[in-house]
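Here's a quick briefing to read with the model open beside you. Have a look at the fold, and then we'll go through it topic by topic.

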Amino acid sequence: MRLDLREIIEVPGGSVPFETELETGRLDFASVKAYKGRPHAQGRVYNEAGVLHLEGVLTADMVCICDRCGSEFESVKELPLEATIVEEESEEFPELYVLDGNEIDLDEILETSLILDMETKFLCREDCKGLCDTCGANLNLGPCGCRKLRDPRFAVLEQLLDK
């Protein structure tokens with residue numbers, strides 16, 4: 001979505017609201033199985049003393065796969081949005097977004113914000129125990145009954161315990 005900012009570029013205190021949904025085609029993460037709906041964003045772009053700022057909230061409702069146990073779980077990500085928009089690109093400040101004429105590409109800002117803020121590890125819960133290394137049982141459901149293997153470097157000491 002392209003957002004026209006012509007009416008606030010030269011008007012300190014001016015504001016333009018936005019509300020949009022993102023296409024999920026470029027939001028492909030290995031642990032996100034599906035989006036329950038399109039990610040939704042709302043907020044505003046405002047002019048503060050000649051500098052354009054974007055603020056708002058992006059919400060993504062997802063079905064994820066746990067990176068430890070492989071279980072499916074639902075997750076809702078609410079991302080506060082903050083961005084500064086400038087007229088010219090700056091090598092010194094690459095985090096700033098650049099106006100394209102009198103418009104900004106809102107989808108680019110929202111997609112970039114979501115991608116940069118996405119978790120690197122998706123867990124069904126913080127204390128997920130994962131899977132047994134030996135039999136592959138989900139340890140969140142209880143102990144698996146496998147005999148814990150001892151470190152082979154201690155095999156000689158294990159023989160002493162057997163005697």
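**Briefing: a predicted model**

Leaving aside neighbours within four places in sequence, Glu111 touches Leu22, Glu23, Arg26 and Leu27. Keep in mind that this is a predicted model. Glu111 sits in helix 1, which covers residues 106–117, and we'll come back to this residue further down.

**Overall layout**

- The protein chain has two helices and eight strands.
- Reading from the N terminus, the order is β-β-β-β-β-β-β-β-α-α, with the strands ahead of the helices.
- What is the radius of gyration of the protein chain, set against that of a compact globule of 163 residues? The chain comes out at 25 Å, while the globule would be near 15 Å.
- The C-alpha trace spans about 85 × 35 × 25 Å along its principal axes.
- Buried residues make up 33% of the 163 residues in the chain.
- Take the contacts with a separation of 6 or more: 56% of them join residues 24 or more positions apart.
- The chain exposes about 11,000 Å², and carbon and sulfur atoms supply 48% of that area.

**The nonpolar core**

- In soluble globular proteins, nonpolar side chains tend to be buried together.
- The largest nonpolar core here counts 36 residues, and the members touching the most other members are Leu5, Val45, Leu52, Leu54, Ile85 and Ile104.
- Which elements give two or more residues to this core? They are strand 2 (15–21), strand 3 (32–35), strand 4 (40–48), strand 5 (51–65), strand 6 (72–86) and helix 1.
- Strand 5 gives the most, with six residues.
- Leu5 is a handy residue to click on: beyond its neighbours within four places in sequence, its contacts are Val16, Val45, Leu52, Ile85, Leu99, Asn102 and Ile104.

**Back to Glu111**

- Is Glu111 buried or exposed? Its relative accessibility is 10%, so Glu111 counts as buried, the cut-off for that being under 20%.
- One of its contacts, Glu23, is exposed, with a relative accessible area of 52%.

**Salt bridges**

- The structure holds 12 salt bridges.
- Asp100 pairs with Arg2, and their closest N and O atoms are 2.7 Å apart.
- That pair links distant parts of the chain: Asp100 is in the loop between strand 7 (97–98) and strand 8 (103–105), Arg2 is in strand 1 (residues 2–4), and 98 residues separate them.
- Both ends are partly exposed, with Asp100 at 49% relative accessibility and Arg2 at 39%.
- Arg2 and Asp100 also belong to a network of salt bridges that takes in Glu103.
- Arg38 and Glu23 meet through their side chains in a salt bridge, with an N to O distance of 2.0 Å.
- This pair also links distant parts of the chain: Arg38 is in the loop between strand 3 and strand 4, Glu23 is in the loop between strand 2 and strand 3, and they are 15 residues apart.
- Arg38 is partly exposed, with a relative accessible area of 40%.
- Asp4 forms a salt bridge with Arg6, the closest N and O atoms being 3.2 Å apart.
- Asp4 counts as partly exposed at 33% relative accessibility. Arg6 counts as exposed because its value of 55% clears the cut-off of over 50%.

**Helix 2 and the loop before it**

- Where is Gly145? Look in the loop between helix 1 and helix 2.
- Gly145 has 72% relative accessibility, so it counts as exposed.
- Cys132 is 13 residues away from Gly145 along the chain, and their C-alpha atoms are separated by 9.7 Å.
- Phe154, Leu157 and Leu160 form a nonpolar patch on the surface, with about 320 Å² of accessible area together.
- Leu157, one of the patch residues, is found in helix 2 (residues 155–162).

Key
Residues are numbered from 1 along each chain as its sequence is written. This is a predicted model: local features need pLDDT of at least 70, side-chain atom pairs count only at pLDDT 80 or more; totals for chains, interfaces and linings use all residues. Side-chain values use heavy atoms; hydrogens and water are left out. Patches are made of residues with over 30% relative accessible area and no salt bridge: like charges are joined within 9 Å, nonpolar side chains (Val, Leu, Ile, Met, Phe, Trp, Tyr) within 5 Å. Accessible areas come from the Shrake-Rupley method with a 1.4 Å probe; for residues, only the protein chains shown count as cover. A salt bridge is a side-chain nitrogen of Lys or Arg within 4 Å of a carboxyl oxygen of Asp or Glu. Helices (H or I, at least four residues) and strands (E, at least two) are DSSP runs, numbered from the N terminus. Buried means under 20% relative accessible area, exposed over 50%, partly exposed in between (1.4 Å probe, protein chains only). Contact means heavy atoms within 4.5 Å. A nonpolar core is a set of buried Ala, Val, Leu, Ile, Met, Phe, Trp, Tyr and Cys residues joined through side-chain atoms within 4.5 Å. The radius of gyration is taken over C-alpha atoms; the globule rule is 2.2 Å times the number of residues to the power 0.38.
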